[in-house]
Amino acid sequence: MPVEQAYSFLLSVLFYMGIYTIVVISLNMEAGYMGLPNFGKMMGVAAGAFTTSFFTWRLALYLHNRLTGEPIVYSDYVRENAMIVSRINEWLSASPGISLFLLLVTLIASLAIGAVIGYIASYPAIRLREDYLGITLLAVAEVIRVIGYNYKPIAGGTLGMQVPDLFRWAGQHRFSVSVLIIVAIALIVYLVYQRMLSTPFGRVLRAIRDDEEAVSSLGRDIVAYRKRVISAGTATAALAGALYALYTGSVIATAYDRVTWTFWPWVMMMLGGAGNNVGVLLGVGVFVIARTTIYTYKNMLEAYVPFNVVWLDYLLLSVTIIAILMLRPQGILPEKPIRTVKPLIRQNEST
Amino acid sequence: MIPPIVEDTIVYSSVLVLLSLGLTLTYMTTKVPNFAHATISIVGSYVTLTVLVLSLISLAREALISQADSQSFYRLIKSFSFAPLHYALFMALGFLLGSLIGVAQYKLVLKPLSQRGANVVQLMIATIAVDMFLLSMLNIYADKLLEYVVSKANELSSIAGFKVNLGVQTRDFILYSYDYSKTLGTQRLVIIAPIMAAALLLALSLVLYRTKLGVALRASIENPSLASTLGVNVDKMYTLAWTLSLGLAGLAGSLIPLKYLVNPSTGQLFVLSIFAASILGGLNSLAGAVIGGVLIACFEIPVFNYLSSHLGISSAYRTVIPLLAMALTLLFIPRGVAGLNWKKLFSRVRR
């Protein structure tokens with residue numbers, strides 16, 4: 001029994017680490033590298049999840065009806081959602097190829113929708129000072145959630161919506177396999193970002209953060225960079241949203257709140273070290289383990305905490321932010337100069 | 001007889017004006033949008049609830065001492081209505097508590113951080129942390145207050161010999177019935193809120209434009225270094241601005257539950273309307289904040305009501321209105337209504 005428990009704890013930690021790595025690494029590009037106050041990070045995650053709940057079942061249903069002889073008939077998808085998804089799931093459990101194809105298409109669609117939403121969301125304030133941008137992004141994120149909660153076809157409104165299980169073919173290893181896939185995708189995202197931000201592109205972002213005027217005097221279009229970064233960052237977060245929805249098997253708009261998907265990523269980035277991708281991994285690791293532990297031992301904690309343990313999460317969040325800002329604003333691993341390829345040049349400089 | 005929609009607009013715009021005025025004033029001093037502003041006003045709402053709970057309990061105790069039977073007891077509890085003293089008490093306490101939190105936020109969080117060289121983004125995330133902290137405190141307080149109410153009700157039940165229920169909730173509460181006046185045929189708030197807002201505006205403008213203190217405050221906002229050279233204690237002035245602003249927020253918040261449903265997280269959505277009002281006003285003008293508050297209230301209530309009844313838009317999408325107003329303002333008049341050159345506009349219209 002303890003072995004099983006430890007395994008499910010490990011699985012949960014790995015899952016959240018994968019998801020949060022994707023979110024926080026993209027936040028780090030926006031906020032850590034470029035200094036964009038993206039207080040609407042959850043909009044990317046929500047965009048991915050809503051794309052999954054809105055789009056994946058339609059495609060799956062279409063393929064099912066085309067490929068099998070017995071089409072599923074329904075009158076109201078939102079109401080008959082559970083029935084339809086369970087029939088799709090039965091079919092998908094025997095066809096890993098189609099499942100993986102659906103996974104790929106869902107991820108690509110999420111990336112596209114995320115990029116578009118990021119662009120639209122930042123458009124009104126992209127030319128203004130960063131405080132305006134922060135307020136606007138926070139507002140847009142909140143509104144996306146409100147729409148997702150009230151417009152039923154997107155995510156089933158107050159009841160939420162089930163999404164097709166694209167990992168069912170793995171049978172009893174469903175959770176292990178899906179976590180493996182998520183961690184692999186997170187690793188790819190990490191490597192892509194690490195590589196991308198080590199190029200001159202990353203150095204321009206840092207330069208914009210440190211001195212906008214100097215950069216624009218050197219002929220860089222700051223607004224164009226901001227647009228590109230917000231679109232890419234939101235698209236990446238949408239990837240995490242889609243994976244989260246597919247892993248949990250359902251989408252409900254209330255799960256996409258500011259605390260979980262905007263402020264926790266901020267704290268993770270700030271603790272690890274804004275502008276340092278290795279620091280991001282560290283920050284994600286520390287907080288995912290801490291929060292999973294709190295969540296797992298909730299009942300035991302209740303004896304020691306004189307209030308409902310749910311609020312401990314908020315307290316921990318706020319106190320950590322202030323403590324980091326006061327004591328070590330650069331984070332555990334501070335930002336380092338980007339390593340360029342030519343060590344030879346440095347040798348020449350020193351001589 | 002005033003139609004309810006007009007009442008709603010009057011009350012909502014009075015509250016919004018007080019809140020956006022305070023937000024603008026704090027923004028003008030420290031140049032940080034305070035994301036905790038709305039939650040601090042909800043602290044004022046809980047002051048009102050606490051005043052109500054304490055008065056109800058003492059009323060119930062007196063009734064039981066004079067040996068009321070269950071029927072007359074419940075008639076008495078039901079007919080309880082706020083007296084002038086209650087209004088004065090919760091507004092004063094709301095102001096006091098709000099201003100205390102404001103001073104604490106400025107002195108303990110924002111000032112030390114900006115002395116350590118924190119940038120705008122870091123200061124913004126710090127105000128978010130304060131918001132989270134207050135949110136968790138409010139939630140814990142709501143739990144504790146409910147426990148208190150239940151224990152007191154049990155205590156009273158044992159005295160009375162019948163089951164005592166005070167009919168008080170600490171989440172999703174609305175205190176409409178305690179504010180209803182039979183002689184007016186409506187809520188007293190409809191008169192109190194606009195009078196309070198007007199009186200406070202008058203007082204604030206007298207202080208700002210007719211006293212030496214006001215001159216010093218405006219000087220510290222316009223040019224802090226010059227003001228301090230001339231012997232103005234800029235820090236003191238900023239502290240004063242934060243005291244006044246969040247005092248106003250607490251006072252406005254103490255009126256909110258008389259008409260609107262309140263729970264600890266009410267501020268999370270309300271903050272969008274406050275920001276929209278301030279941004280529409282230009283974020284740098286107190287007169288603009290007043291105009292912005294009234295305009296946003298008009299967009300959110302009569303205009304949106306017209307839209308929802310004629311176009312069939314669900315009332316749940318009201319949150320979209322402040323966002324739209326904010327986005328349009330930023331796109332077309334980024335300096336807000338206060339930044340418009342009215343003379344030029346009029347001459348253009350005349351031609």
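By class, 17 nonpolar, 5 polar and 4 charged residues make up the lining of the second largest pocket in this predicted model. The space in this pocket comes to about 780 Å³. Of its 26 lining residues, A:Y16, A:T260, A:R291, A:Y295 and A:D313 are the closest to the centre. Five elements of chain A each give two or more residues to this lining, namely helix 1 (2-33), helix 10 (222-248), helix 11, helix 12 (277-296) and helix 14. Helix 12 of chain A gives the most to the lining of the second largest pocket, contributing 7 residues.

The largest pocket comes next, and here both chains enter the picture. Its volume is about 1000 Å³, and its lining counts 35 residues. Nearest the centre of the largest pocket lie B:S265, B:T266, B:Q268, B:L269 and B:F270. From chain A, helix 5, helix 11 and helix 14 each supply at least two residues of the lining, as do helix 1 (4-30), helix 5 and helix 11 of chain B. Sorted by class, the lining of the largest pocket holds 17 nonpolar, 10 polar and 8 charged residues. Helix 11 and helix 14 of chain A thus appear in the lining of the largest pocket and also in that of the second largest pocket.

Enclosed space is a separate matter. The structure holds 1 cavity of 30 Å³ or more, and the largest cavity offers about 50 Å³ of space. Chain A supplies A:L138, A:R258 and A:F263 to its lining, while chain B supplies B:F35, B:A38, B:T39, B:I128, B:D131, B:G267, B:Q268 and B:V271. Two or more of these lining residues come from each of helix 11 of chain A and helix 2 (37-65), helix 5 (120-160) and helix 11 (266-280) of chain B. Helix 11 of chain B gives the most to the lining of the largest cavity, with 3 residues. The residues around the largest cavity divide into 6 nonpolar, 3 polar and 2 charged. One of them, B:Q268, lines the cavity and is also listed among the residues nearest the centre of the largest pocket.

What, then, is the area buried between chain A and chain B? The value is about 3700 Å², and carbon and sulfur atoms give 79% of it. Across this interface, 40 residues of chain A are in contact with 45 residues of chain B. The count of salt bridges between the two chains is 0, whereas 7 residue pairs are in polar contact, both partners being at pLDDT 80 or more. On the chain A side, helix 5 (130-150), helix 11 (258-272) and helix 14 (310-327) each supply at least two of the residues that touch chain B. Helix 5 of chain A gives the most to that side, with 13 residues. By class, the side of chain A that touches chain B has 30 nonpolar, 5 polar and 5 charged residues.

Although no salt bridge is counted between chain A and chain B, the count over all chains comes to 17 salt bridges. One pair deserves a closer look: the side chains of A:R209 and A:E335 meet in a salt bridge at 2.8 Å, N to O. A:R209 lies in helix 8 (residues 200-210) of chain A and A:E335 in the loop between helix 14 and helix 15 (343-350) of chain A, so this pair ties together parts that are 126 residues apart in sequence.

Conventions
Residues are numbered from 1 along each chain as its sequence is written. Chains are lettered from A and ligands numbered from 1 in the order in which they are written. This is a predicted model: local features need pLDDT of at least 70, side-chain atom pairs count only at pLDDT 80 or more; totals for chains, interfaces and linings use all residues. Side-chain values use heavy atoms; hydrogens and water are left out. Contact means heavy atoms within 4.5 Å. Buried area is the accessible area (1.4 Å probe) that two parts lose on being put together, summed over both. A salt bridge is a side-chain nitrogen of Lys or Arg within 4 Å of a carboxyl oxygen of Asp or Glu. A polar contact is a pair of N or O atoms within 3.5 Å; within protein, one must be able to donate a hydrogen and the other to accept it, and residues adjacent in sequence count only if both atoms are side-chain atoms. Helices (H or I, at least four residues) and strands (E, at least two) are DSSP runs, numbered from the N terminus. Ala, Val, Leu, Ile, Met, Phe, Trp, Tyr, Cys and Pro count as nonpolar, Asp, Glu, Lys and Arg as charged, and the others, Gly among them, as polar. On a 1 Å grid over the protein atoms alone, a cavity is a set of points where a 1.4 Å probe fits but cannot get out, and a pocket is an open set with protein on both sides within 12 Å along at least five of seven lines; lining residues have an atom within 4 Å of a point. Grid points are joined across faces, edges and corners, and a volume is the space filled by probe spheres set on the points.
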